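Trainee: Could you walk me through reading strands and chain contacts in a model like this?

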Amino acid sequence: MLNNFKKSKPQQFSFLILIFLFLYFVVPEDENSLLWRLPPLLKDIPAFINYLLDNLMFNWLTIPVYDPDWGMYEDQAIVRLITRSISDFLLFLIIFIREFFLGGMQTISSLTGDSLKGLKLAYLPAIPWTAVIMGLFILGYKLQGLSLALIASLGFFYVSVFGQWEPTMETLSLVLVTAPICFFLGLFFGILGYLSKKVETTLQPILNVAQTMPHFSYLVPIIVFFGVGDHAGAVATIIFATPPMIRLTILGLRKISPEIVESGLMSGCNRFQLLFRVLIPTARRDILIGVNQVIMQCLAMTTIAAFIGAKGLGFNLKVALNGLKIGKAAEIGICVVIIAVVLDKLSLAWANKQKDYFANLSFFQRNKAFVYFLFLTLILGIIAYFSAFYFEEGINFLYLIPFGKGLTIAPLLDAGVDWIWETFFYYLNIFNKFLITYVLFVMRDAYLGMPVISTFFLIMGAGYIIGGIRSCIIVGGLILFIALSEYWDRALITAYMATFAVGISAINGIVVGSLCARNEISTKIILSICDFFQTFPSFIYLIPVILLFGITDTSVMIAAIAYASVPATRYTVEGLRSVPSSLHDAGSMSGVSNLQRWISIEFPLALPHIMLGLNQTVIFALMMIVLGALIGTEDLGQIIMGSLSRPGGAGIGFTLGIFVSFICLAVDNLIRTWTDERKKLLGIN
Amino acid sequence: MFKTLIKVAAVFSVLLFSSISKAADPIRIPVLNWSSQIVMANVMAQVFEEMGYTAELVPAESASRYEAVRIGDLHVAHETWESTMALPFYEAMDKGGLIDAGSHNLITFEEMGVPNWVIEEGLCPGLPNWEALKDPACAANFATADSDGKGRWLEGPYEWHTEVMPNRLKGLGIDDLWTVKFAGSADALWAELKAAKAEGRGTVIFNWSPNFTDAAGFTFIDFPPYFEGCRLENGGTLETTGCGSPKGWLKKAAHIKFPLTHPSAYKFYTKMSFTAPQIGLMADLVDSQGMDHAAAATEFISQHRDLIDLWKN
């Protein structure tokens, strides 16, 4: 009997839940009881972080710096001088690229000082949009062929014709600076991590936190360190977009078989040659996926970056939403997706392009495409110069279509939202009331009525059953950190919303994913839909959702589910598609029906991968729940969002961000331990 | 040794980078996410450029920008509302680096209120007098799915006034009929206005004037008059905490070096003082007439050329 219990995890889990329920109902609600709530021993952490930041930026390690404005020496902290120099450098790069697309003279004049200020000629005109599109066409054609050429040029044609050229170029210039920086940083740290186990073990937790921490919690520290402006937006983007690159670099390098390394050594490579001529080219595929992730993440950050001063689509999106202009916001969102698609495809094509080894080509033959581009730009520039006399009101449509002067489908989209509202509101309202009264509030009260002892018993018990004493302690430690703060009740509310959102998203994802994975075409379609929703700025859902469901928890849940279903679906599809077809055939030969095959062959085999998707679902759901504070919530997110506009908000926001990240990490630990074991059992590597 | 190394490295990096972009030193003006503020930023930028300066518009966040003004990342913060922004404004002043560059020529008002159509349809007879809220039949018209049968006040984000509105309900003795919900952002308030109208459900929301809602018709509720110290957190009692909101100022903040680095721009900035109808016009040019912000600013300047020239000299 006892032996049986030791082996059977379901039995252990039911026993765990029995004890949990027992504790839940036995422990009385009493603010002074340690069994009910732990004392806030760690409540000084935010103040400590603020103290640290303040001193770092203003008091410690100061050197006298001459200030020409005051005409005297001023003590400035070295850390601040360094971070500000980084800011200035980033800003210079961003503006430099921006001036190609939009024109200007800032970078020129900053290099020459005041000497050129008076000269009108020092103004760098923008490349006309027609030329940029021709350039994209040529680039796409050269890299891959006609289809890519059409995608790239038509995408940007849309952007221009819809009057979003200026903000799009502002965003693009930010991405063109941040993406390469993320790439190089990622490659650098990835290689270091590959070379030294020590570096990898220190990197791992930092990467975990950087990827799971809600963006809003590190915006204020960034303002303190780097100031506000495009450079601050760039820093936030780099923090968010670099980790996947590091991870994939390490992963790719690890996967290389020793034979390849040996053959490199036998050919007489020294260490650098081995790294750059052998290892990195071999790991190219994973590194490429990293580049693709970097681009996606950079664009996913456009709206967030706008909170700390990045110009471009994200900022316009915020303004449009403030005026409840959903149609306009959606148009801007589509532009973000278009840039993502074009950059993604171009970078993939560029990376996949084989190097050609023809020698003795003339300069023209080698750079044919570039010469054509210069020639066309010249012609289009001349056309744009003269067309200025043709168009009225100082708007030259062949040079740059100004913001708000293009075509628009916004009224159509708005009408669509109105129609949905008019048609479904009555039913939605009934549904909303039912959901809030009988599900959400019941669940919230149940979570809030949970004594801390039973919570810990459940979490640590689950850790113990899944991963032994190690998982038990890790998970318990992560949650203990939150329990010892003043914000435990809020964390419980966050947990309730996350549980609900993740549950529904997982069901959504698994059902939709399983249906779509049945055939080739629907798989492709669903994966591109996933891509779309992953880059489409999630802010845009917030307003229509409020219109439909009011300022209630339902709205937050709907937004979170819409966003978190994406990874659940994607991983389900990928997991099911990776089941070898020989197994399908074997099943069919044994005479199973479609449903049986799904239940007993495909699903169990795909389950480890699907669980990894669940892991992502938790992260996505928590991100959106924190963002849901913009609708109105009473959880950790409300304070994180509020910390943006609160004196001393840096410490509080950062601490609570760490809390959210710890929730993710605890879930991650459980799921990862389980999948690793499961994969071993199933013999999947 | 280590310390000197750091110092040398720091000095080098400073020399290398900061000299590049500091030369132009444009006047950095924050833009937030509502129309009048953005148009006013554009008006200032265009005037500064007329005066021979360069100006740069920097997207920013309403309260965190005071820290940025304090340390000189931004030069100005030109719309500072007393009730929502006084706290970070004075905190930055306490730390040193931010100066008060005077107020606009208007009195701001912020209060709970209802859109006019709520009164016209008689959802709560007796409004705008607050006593009307005592009627249970009135409160029932303002209930929502999550308000537990009570009428709902939709207050702005919690950090704007923290416990003031819940305390006010208690002070007025109507907390058994009404409850407060905190919206997450100003966007959420406007979405609620639109949704409530489409649904025909009453709504009491936090709002302010001058604002774009002035045009559509919005009535503030008359609460017992405010006096210094009436609120619980300012030392008031439960009897007095039902008082309404104070009338407030709309200030302009500047970085302490701004007068030194851009003297005539600063002079213009201190003289610049808009009235409520002027700010209303700025919002109107964008929200109703569909201009983009820069064009609206140009239009505004051309309509108020005399005034602007007066401030410039």
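Mentor: Sure, definitions first: two strands pair if DSSP finds at least two bridges between them, and strands (E, at least two residues) and helices (H or I, at least four) are DSSP runs numbered from the N terminus. This is a predicted model, where local features need pLDDT of at least 70, side-chain atom pairs count only at pLDDT 80 or more, and totals for chains, interfaces and linings use all residues. Residues are numbered from 1 along each chain as its sequence is written, while chains are lettered from A and ligands numbered from 1 in the order in which they are written.

Trainee: Which residue stands opposite B:L98 in β10(B)?

Mentor: That's B:H255. Strand β4 (residues 98-103) of chain B runs antiparallel to β10(B), joined by four bridges. Strand β3 (residues 76-81) of chain B is also antiparallel to β10(B), again with four bridges, and there B:W81 has B:L250 as its bridge partner.

Trainee: Are the faces of β10(B) buried or exposed?

Mentor: In a regular strand, side chains alternate between the two faces of the sheet. Here B:L250, B:K252 and B:A254 on one side, and B:K251, B:A253 and B:H255 on the other, are all buried (20 or more other C-beta atoms within 10 Å of the residue's own, with C-beta atoms placed from the backbone). Six of the six residues of β10(B) are buried, so the strand is largely enclosed by the rest of the structure.

Trainee: How many residues does each chain bring to the contact?

Mentor: Chain B brings 55 and chain A 60, counting residues whose C-beta atoms, placed from the backbone, lie within 7 Å. On chain B's side, α9(B) gives the most, with ten residues.

Key: A residue is buried if 20 or more other C-beta atoms lie within 10 Å of its own, exposed if 12 or fewer, and partly exposed in between; C-beta atoms are placed from the backbone. Two residues are in contact if their C-beta atoms, placed from the backbone, lie within 7 Å.
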